[in-house]
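Trainee: I'd like to learn how to read a sheet and a helix pair in a model. Can you walk me through one?

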Amino acid sequence: MSYTALYRKYRPAGFDDVKGQDHIVTTLKNQLAADRIGHAYLFCGTRGTGKTTVAKIFARAVNCEHRTDGSPCGQCESCRAIGAGSSMNVIELDAASNNGVEDVRQIIEEVSYPPTTGRYKVYIIDEVHMLSINAFNALLKTLEEPPSYVIFILATTEVHKLPVTILSRCQRYDFRRISIDTIAGRLKELMEEENVSAEEKAIRYVARAADGSMRDALSLMDQCIAFYPGQELTLDKVLEVLGAVDTDVFSRLLRAVLNQNVTDSIEILEDVISGGRELGQFANDFVWYLRNLLLAKSADGLEDVLDMSGERLESLKEEAGMIDDDTLMRYIRIFSELSGQMKYAAQKRVLMEIALIRLCRPAMETKADALFDRVSDLERRVENGLVTVPAQGMRRKKEMNEKKKAPMPKAIPQDINEVVDNWGLITSKLSGAIKGYLKNVTLSLGDGNELLLVFEADDDMNYDQILKDDHMRELKNKVSDLIKKEVNIVCRLNDTGRPTDETFCNLQKFVNAKVEQESEEMFNKAVFPHGTN
């Protein structure tokens, strides 16, 4: 006799065997007891939570000749035929591969024929969201007003993809993720029936890895049993089969990251990879570990939520005290993003190494939640005397602190003063290109009493252009033509990092202020020849 997988061998035969969906089972049993059976049901929820199983149990129950507390007896002719898959009263359709209009039209044609035996014909359409729009439209009328002997049960994992017109015609039942305790309890029962010895820790890890799916849990346990036939299933063996790692590895990795030790972090990852662990599972488990740390920091009395022993919980709380909330949230964000990327990545190891380096080096990140880590790291290094400022930077800082706003010159040479007074006239006589190069220039006085043309740091292109021999020659010629004297002209790029007016004397403002002062004095002498007193 061929081997039967655990999830098929132990598929519930009655409502009482269904685990974790009491709210749905109770409602359906009450409907059967009161004979208030609907014509269309929608079962939705994540994979492996019992949607198709409950649909089949319900299909047997509505046709059972000797129901017991709402559950099918499993002994009558109808129950045996439906269980064997030979009954014409229960028709299953996989909408993933039969999603066209013709498939739905075939159902509509069959609906017109009443059952030869039993009370109801039950149509179970699995993954109903895969039906095409035209197929949905073709089903609408029949779904709304089927014959009295027809029941539709639609099952889907993606209810948001169903048209509203379908949703409004069905009784909707949401299947919840099954709790870890419920899955672990069921696994323990089945291990006893299979005469398999398994540690409590191993069973609970499989239950958690199933992520709320009883079918996944049974498949994972089947895999572990096949790998170690006739042996006791320990946590280490389960971790090896599933490509997972022990939480001690996460503890060592966290400490290495908190110490910003990239070398140790990469070495721990190397050990994980050498042990044949699956990196996608490693990323998911590390996120779960960080989540437990966050919960341990956030509130007390969460032993049931964290699902771990008291000894391990104390160790977790100790580790939680080593890390700030903001830092922990950043770690969770980085590894959550990594978990999504790992599914389709060709170089999973590279992505994992980059993520670990980002954890150890918050300065590499520009996001807001990394700023806290960067400041904290800087404060720690200052306290430990690890931060030093290069001598060149110190000199530069001292020079900038000593420099105050550029002082006004006590006197401007007559030649320079004349050029500044006539600067607008001079530039108007220049060619168009050179005039553009000097558009934003600041006129200042050089150390040798020469005319200093100061360009802003981001104006370096115009600065380079004006330094060309032919351009500088034309400028000097126009200046000498106007004032009849030669003036030494020097160009300078303001690369000090400070505003130009704070570093260089702006002669145009100085001359304008002097002219205004002289005009005011002349006005006062003309109006008040004997003084203002």
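Mentor: Start with two strands: β1 (residues 40-45) and β4 (residues 150-156) run parallel and are joined by five bridges. Strands here are DSSP E runs of at least two residues, helices are H or I runs of at least four, and both are numbered from the N terminus. Alanine 40 sits opposite phenylalanine 152 of β4. Keep in mind that this is a predicted model, where local features need pLDDT of at least 70, side-chain atom pairs count only at pLDDT 80 or more, and totals for chains, interfaces and linings use all residues. Residues are numbered from 1 along each chain as its sequence is written, and side-chain values use heavy atoms, leaving out hydrogens and water.

Trainee: In what order do the strands of the open sheet come?

Mentor: In general, strands of a sheet pair through backbone hydrogen bonds, either parallel or antiparallel. Here the order is β2-β3-β4-β1-β5, with parallel pairing; two strands pair if DSSP finds at least two bridges between them. β2 (90-94) and β5 (171-175) are the edges, each with a single partner strand, so one side of each has no neighbour in the sheet.

Trainee: And how do α8 and α10 cross?

Mentor: Axes are lines fitted to C-alpha atoms, for helices over the stretch in contact (heavy atoms within 4.5 Å), and angles run from 0 to 180 degrees between N-to-C directions. The axes of α8 (residues 180-193) and α10 (residues 214-227) come within 10 Å and cross at roughly 45°. The two are therefore oblique (under 35 degrees is roughly parallel, over 145 roughly antiparallel, 65 to 115 roughly perpendicular, the rest oblique). Contact residues include Leu187 of α8 and Met221 of α10.
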